[in-house]
Amino acid sequence: MNTFPDAILNKLRAPGPLIAPSILSADFAALGAELRSVESADWVHVDVMDGRFVPNITIGPLVAAAAARVSPLPIDCHLMIVEPERYVAEFAKAGAHLITVHAEASPHLDRTVAAVREAGCWAGVSLNPHTHESCLEYVLERLDVVLLMTVNPGFGGQSLIDRVFPKVERVRERIERRGLQTRVQVDGGVKADNIRRFTDAGADVMVAGSAVFGAPDRAAAIAALRSAALRGA
């Protein structure tokens, strides 16, 4: 069981829509200042890539630990790596509050989810755009978050893949049918002019990279995303 401070638990459990800026789009030469500029958001999304599961290499536990020291927000680590089970304990020690692994990279997915929970973190499973949601069938009750990729993972700034919206709807339906509190997170191509489509489909946590860190005023960009998610652009 996790022992997070109440302030972190409240943010993890807050009613959606929640905005989770991805530091993949941040300026790493000034990461502390970048994180402080998005404190009006809800979570901080940390994209971890290994150059094997996805065609890019990004960051590891040291950067996650630095983010956890600076930001008062939940640290949401998305492991786009092979053999994620080997690194769960390191990211938990670094200060991750949520660790998400890919179903495609985890042949023993139930065991990996159990390891995340045993490390004291919320557990998430991510699906690439082509992966059918049926692979969640035997782990869904153990998940705090399902993360649906709305672009092919590996790089920021991509355009979303429209055909993922029915999958968002189906995952939300599965969760509600079972009476679960599992959050539905989406990652890729989220902008103020399309975010309402995600919330209408059933997502309640939106990862946004360039839409936040590409804006001169990050607080205003976050407010615009939140407003558009609630009322439409």
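The following conversation concerns a predicted model and the reasons behind some of the terms applied to it.

Visitor: Why is His97 called buried?

Guide: The relative accessibility of His97 is 12%. Buried means under 20%, so His97 counts as buried.

Visitor: Where is His97 placed?

Guide: His97 is in the loop between helix H4 (88–94) and strand E4 (98–102). Leaving aside neighbours within four places in sequence, His97 is in contact with several residues, including Phe4, Leu12, Pro74 and Trp122.

Visitor: What makes the approach of the His97 side chain to the backbone nitrogen of Ile75 a polar contact?

Guide: The side chain of His97 reaches that backbone nitrogen at 2.8 Å. The cut-off for a polar contact is a pair of N or O atoms within 3.5 Å, and the value of 2.8 Å therefore satisfies the distance limit.

Visitor: How do you know that strands E1 and E8 pair?

Guide: Four bridges join E1 to strand E8 (residues 205–208). Pairing requires at least two bridges, so E1 and E8 pair. The two strands run parallel, and Ala20 stands opposite Val207 in E8.

Visitor: What makes both faces of strand E1 covered?

Guide: Leu18 and Ala20 on one side of E1 are buried, as are Ile19 and Pro21 on the other. In a regular strand, side chains alternate between the two faces of the sheet.

Visitor: Which residues are closest to the centre of the second largest pocket?

Guide: This pocket holds about 150 Å³ of space. Of its 14 lining residues, Val48, Asp50, Ile81, Val82 and Tyr87 are the closest to the centre. Strand E2 (44–49) and H4 each give two or more residues to the lining.

Notes. Residues numbered from 1 in each chain as written. Predicted model: local features only at pLDDT ≥ 70, side-chain atom pairs only at ≥ 80, totals over all residues. Heavy atoms only, no water. Buried < 20%, exposed > 50% of the residue type's maximum accessible area, 1.4 Å probe, protein only. Polar contact = N/O pair within 3.5 Å; in protein donor to acceptor, adjacent residues only side chain to side chain. Contact = heavy atoms within 4.5 Å. 1 Å grid on protein atoms, 1.4 Å probe; cavity = no way out; pocket = protein on both sides within 12 Å on 5 of 7 lines; lining within 4 Å. Points joined across faces, edges and corners; volume = space filled by probe spheres on them.
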